[in-house]
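Biologist: Could you walk me through this model? I would like to start with the general make-up and then pick at some details.

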Amino acid sequence: MAGVIGWDEEVPTGVLIGLTPLGGAAVAEEVKKDRSAGHMELLHVMVVDDDEAVRKACCEIASRLGCVVVGAGNATAAQAILKDHQIDLILLDLKLPGGGGMALLEQVKMLHPETAVVVMTAFATVSSAVEAMRIGAGDYLTKPFALEDLTLVLERAGQRHHMDVQSRQLRERLRTQQGMGGLVGQSPEMEKLYRILSKVAFSTHPVLILGESGTGKELVARSIHYNGTNAAKPFIAVDCGSLVPTLIESELFGHVKGAFTGADRAKEGLLASADGGTVFLDEIGELPLDMQSKLLRALQEKEVRPVGATQARPISARVLAATNRDLATMVEQGRFRKDLYFRLNVVNLRIPPLRNRREDIAPLAMHFLAKMQKETGVERVFSDDTLRMMTEYDWPGNVRELENAIERACALSSGPVLHMGDLPTQLQDFRMQRGGVNPAVGDGDEQESERAAPKAGIVSIAELEKKAIMDTLRQLDGDKLMAARLLGIGKTTLYRKLKEYGIAEA
């Protein structure tokens, strides 16, 4: 047969057709070089085909490429191999006897979802290819196929396998708090975030990080950078909201000496100084419109022109951006450029607020408490009531507010146990609202009614105030100065209130 290519005389002819100027051995050598350079990961491959000649040829080629290969002539043999061996890639003939190819594909994707499948068929119709891809096949080959086709498929599968392994390892590190960046949490919302984060960490696409203030957007950006392929390169954070408008261009793009008054020396811009690393543009929604246009051009052309310069300078930084604003609404209102929004929003990560992942509050609180112990050398614990109330509180300031509250509690605590009286005023007010005020009549919430104040009636604000003062004094063993500070009132006010209660000297 004209154009038949084999690795050597032992490989059956008439199976792989196509003409290459390199020849089979040369192709193998090129792929081996790619693999040694990190382009291809070692694969455990199974070839499932009832045609013995095709099966042997595919096994021989995959073996020459450095894969660990096993063959199976039917679906039953393939199932037996899968029970005892870890298989990374299956080359599967769709037209197995008895229509077993498609059924085996469905079974593999159900029982071994991490195993990649490439289907082979001599009857490559659009419907069969689409159906196989719908079930979960990652690629397909049309028989008879050229040597280069199989080589390319195996190389692509190796790259995907390598990325998948790295992604799973990163997701596990993040989930077990071993990943860089300080992310803590195992709630379903955080698990979803980890899955997306573990994929984008190994790409170079721009990422838009969305979330309320205090949710940890910069921590997510740092985690993307330090778990990616350019972790050794610089990570540069830029707070767009704090830059002086007249100096934003100089900060981002740099300037030459004498470009403006006071420019007594040249300065490299932040986008250029990253040098293959990551630039994190925090609060990107604060950037003025004129600078949005210049930033868009820099990202599109991958070059910047320093202020006062005549020549542009290439940049290679990856850009991550974050905001707590609704950029889509700002685009509609004309306050943010649509083209820049699409450029930055290639992938977006939305960080859930703390109130939507309450199961993470206790682990976060313990994490921050352990951090304080490491810094101060003092071991502390939360009282049960304190930890319960912290879990029920909404934390409008999110993780940042939680961390600050724990730092305050550690600073004001007089003992090893952190009580409610050590926490900020807003949490104590929240406790009084939950435990001292009846809910509205007819709201249908029985649990809230049980937690509410005595059933005798609505408690007055004066009674709530007195209860708060007396509870705080009891927890602080009568320390009036500390009680006033924690309650957020002046000491004169506290003495006057105690006099009104007739217990000024108590």
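Modeller: We can go from the overall make-up to the cores, the ring pairs, the empty spaces and a few single residues. Please keep in mind throughout that this is a predicted model.

Biologist: Fine. How many helices and strands are there in the protein?

Modeller: The protein has 21 helices and 16 strands. Of its 506 residues, 43% are buried, and the protein exposes about 26,100 Å², of which carbon and sulfur atoms supply 52%.

Biologist: And what share of the contacts join residues at least 24 apart?

Modeller: If you take the contacts between residues at least 6 apart in sequence, 67% of them join residues at least 24 apart.

Biologist: On to the inside, then. Which residues have the most contacts inside the largest nonpolar core?

Modeller: That core has 33 residues, and those with the most contacts inside it are L281, I284, L295, F336 and L344. Helix α11, residues 289–301, gives the core its largest share, which is 5 residues.

Biologist: Take I284 from that list. What does I284 touch?

Modeller: Leaving aside residues up to four places away in sequence, I284 touches L208, C240, L295, A321, A322, T323, L327, F336 and L344. Apart from this core lies another one of 24 residues, with F368, F382, A405 and F430 among them.

Biologist: How many aromatic pairs do you count?

Modeller: The count comes to 5 aromatic pairs. In one of them, F235 and F280, the ring centres are 6.2 Å apart and the planes stand at 25 degrees, so the pair is stacked, given that planes under 30 degrees apart count as such.

Biologist: Where do F235 and F280 sit in the chain?

Modeller: F235 belongs to strand β7 (residues 235–239) and F280 to strand β10 (residues 278–282), so that the pair, 45 residues apart, links distant parts of the chain. Together with Y226, these two residues form one aromatic cluster.

Biologist: Are those two phenylalanines, F235 and F280, buried or exposed?

Modeller: F235 is buried, with a relative accessible area of 12%, and F280, at 0% relative accessibility, counts as buried too. For another pair, look at Y393 and W395, whose ring centres are 4.8 Å apart with planes at 80 degrees, so this pair is edge-to-face. Both Y393 and W395 are buried.

Biologist: Changing topic: which residues are closest to the centre of the largest pocket?

Modeller: The closest to its centre are T215, G216, L219, V399 and E403, out of 25 residues that line the largest pocket. About 480 Å³ of space lies in that pocket.

Biologist: Which elements give two or more residues to that lining?

Modeller: Those elements are α7 (188–200), α8 (217–226), α14 (361–376) and α16 (398–412).

Biologist: What about closed spaces, how many cavities of 30 Å³ or more turn up?

Modeller: A search of the whole structure finds 2 cavities of 30 Å³ or more, and the largest cavity has a volume of about 90 Å³. Its lining is made by A201, S203, T204, I224, H225, G228, T229, N230, G277, T278 and R318.

Biologist: I also had my eye on T121. Where is T121 found, and what does T121 touch?

Modeller: T121 is found in strand β4, residues 116–121, and counts as buried at 4% relative accessibility. Setting aside residues up to four places away in sequence, T121 touches D93, L94, K95, L141, T142 and K143. The C-alpha atoms of T121 and F145 are separated by 9.8 Å, the two residues being 24 apart along the chain.

Biologist: Last topic, the backbone. Which residue that is not a glycine has a positive phi of about 50 degrees?

Modeller: That is D275, which is not a glycine and yet has a positive phi of about 50 degrees. D275 has its place in the loop between α10 (270–273) and β10, and it counts as exposed at 52% relative accessibility, the cut-off being over 50%.

Biologist: And what is the phi of K302?

Modeller: K302, although not a glycine, has a positive phi of about 55 degrees. K302 is found in the loop between α11 and β11 (303–304), and at 56% relative accessibility K302 counts as exposed.

Note on methods. Residues are numbered from 1 along each chain as its sequence is written. This is a predicted model: local features need pLDDT of at least 70, side-chain atom pairs count only at pLDDT 80 or more; totals for chains, interfaces and linings use all residues. Side-chain values use heavy atoms; hydrogens and water are left out. Helices (H or I, at least four residues) and strands (E, at least two) are DSSP runs, numbered from the N terminus. Buried means under 20% relative accessible area, exposed over 50%, partly exposed in between (1.4 Å probe, protein chains only). Contact means heavy atoms within 4.5 Å. Accessible areas come from the Shrake-Rupley method with a 1.4 Å probe; for residues, only the protein chains shown count as cover. A nonpolar core is a set of buried Ala, Val, Leu, Ile, Met, Phe, Trp, Tyr and Cys residues joined through side-chain atoms within 4.5 Å. Rings of Phe, Tyr and Trp (its six-membered ring) pair if their centres lie within 6.5 Å; planes under 30 degrees apart count as stacked, over 60 as edge-to-face and the rest as tilted. On a 1 Å grid over the protein atoms alone, a cavity is a set of points where a 1.4 Å probe fits but cannot get out, and a pocket is an open set with protein on both sides within 12 Å along at least five of seven lines; lining residues have an atom within 4 Å of a point. Grid points are joined across faces, edges and corners, and a volume is the space filled by probe spheres set on the points.
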